[in-house]
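Trainee: I would like to go through this model one element at a time. Can we begin?

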Amino acid sequence: MDTPLTLLNRLRLLLNSNRPVSPKQNPCYWHTDLHSHLIPGIDDGVSTNDDALLCLRQLADWGIRHVVTTPHVSQDWFPNTHETLLAGQTTLRNLIAEHQLPLTLEVAAEYLIDDLFLDRLRAGNLLSFGQPRHVLFETGWASAPHFLSEIIFQLQTHRYQPVLAHPERYTYYHDDLTPLADLRTAGCLFQLNWGSLTGRYGKRVEKQAQKLLKNNWVDFIGSDLHRPTDLPSLEKLFTTPAYTQLRQQPLRNQIILPKQIIGQ
Ligand SMILES: [Fe+2]
């Protein structure tokens with residue numbers, strides 16, 4: 001089920017492959033992390049400023065220069081509002097400035113597909129990142145979501161670019177890649193958790209992550225960092241064969257870097 005690379009993807013691949021990288025000094029050559037839970041106390045991510053600082057400092061040490069942190073937004077568990085999210089953004093930006101970390105940061109969200117999400121979608125009121133406006137979403141763990149193609153269409157109608165978070169983690173897609181292929185055909189992009197390549201979520205998820213790599217289906221890589229104890233499993237990536245494979249992937253992370261960082 002290999003997907004032919006488009007000309008644009010080939011150019012991205014060339015750009016990534018030729019970039020000099022020292023795995024020890026700058027392993028995150030993609031420079032933007034666009035999936036994490038680093039606003040203290042508003043979801044199941046970090047709970048204190050100190051833990052947020054530990055995570056941000058490590059990302060910066062690995063070569064990340066821009067963080068899009070993405071707290072959960074869901075009706076039943078984490079009904080975060082724009083106000084709570086933007087207040088958290090201010091907290092983290094102050095922390096970054098106070099400790100002079102070489103990072104810029106913005107907040108978006110990881111939306112669960114539910115009624116709250118649909119209400120905000122219809123109102124055109126979703127937090128996004130980059131241009132076009134990327135919206136990160138996840139689906140439930142128990143069973144394959146219904147009407148996902150309709151939701152992709154609705155996002156596109158509102159001029160959002162849909163990005164499915166960690167497609168490799170949904171067990172209901174493990175035995176048959178056809179639904180994922182259909183999502184890509186519909187224009188949905190995929191974000192892989194890099195911990196999936198280090199066994200962080202088990203063997204089946206690792207195997208599925210390998211299949212996504214093989215098919216050139218990884219548009220974005222993300223840490224999905226929740227707390228400092230996640231960091232060792234993320235660090236494993238840089239010494240695995242999967243890291244070499246990742247470098248063959250036409251990642252789009254760099255296209256959402258702020259202009260002032262690209263110019264550095
Ligand atoms: Fe997440």
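**A helix and a sheet**

Mentor: α3 is followed by Gln100, whose phi is positive, near 50°. This is a predicted model: local features need pLDDT of at least 70, side-chain atom pairs count only at pLDDT 80 or more, and totals for chains, interfaces and linings use all residues. Residues are numbered from 1 along each chain as its sequence is written.

Trainee: What span does helix α3 reach from its first C-alpha to its last?

Mentor: Helices (H or I, at least four residues) and strands (E, at least two) are DSSP runs, numbered from the N terminus. α3 covers residues 82-98, 17 residues. The expected span is 1.5 Å times one less than the number of residues. That gives 24 Å, and α3 is close to it, reaching 24 Å.

Trainee: Within what arc do the buried residues of α3 fall?

Mentor: Buried means 20 or more other C-beta atoms within 10 Å of a residue's own; exposed means 12 or fewer, partly exposed in between, with C-beta atoms placed from the backbone. The buried ones are Gly88, Leu92, Leu95 and Ile96. They line one face of the helix, because seen down its axis (by directions from the axis to the C-beta atoms) they fall within an arc of 95°.

Trainee: Which strands stand at the edges of the open sheet?

Mentor: Strands pair if DSSP finds at least two bridges between them. Six strands run in the order β3-β5-β6-β7-β8-β9, with parallel pairing. Two have a single partner strand, so one side of each is left without a neighbour in the sheet: β3 (72-73) and β9 (220-222).
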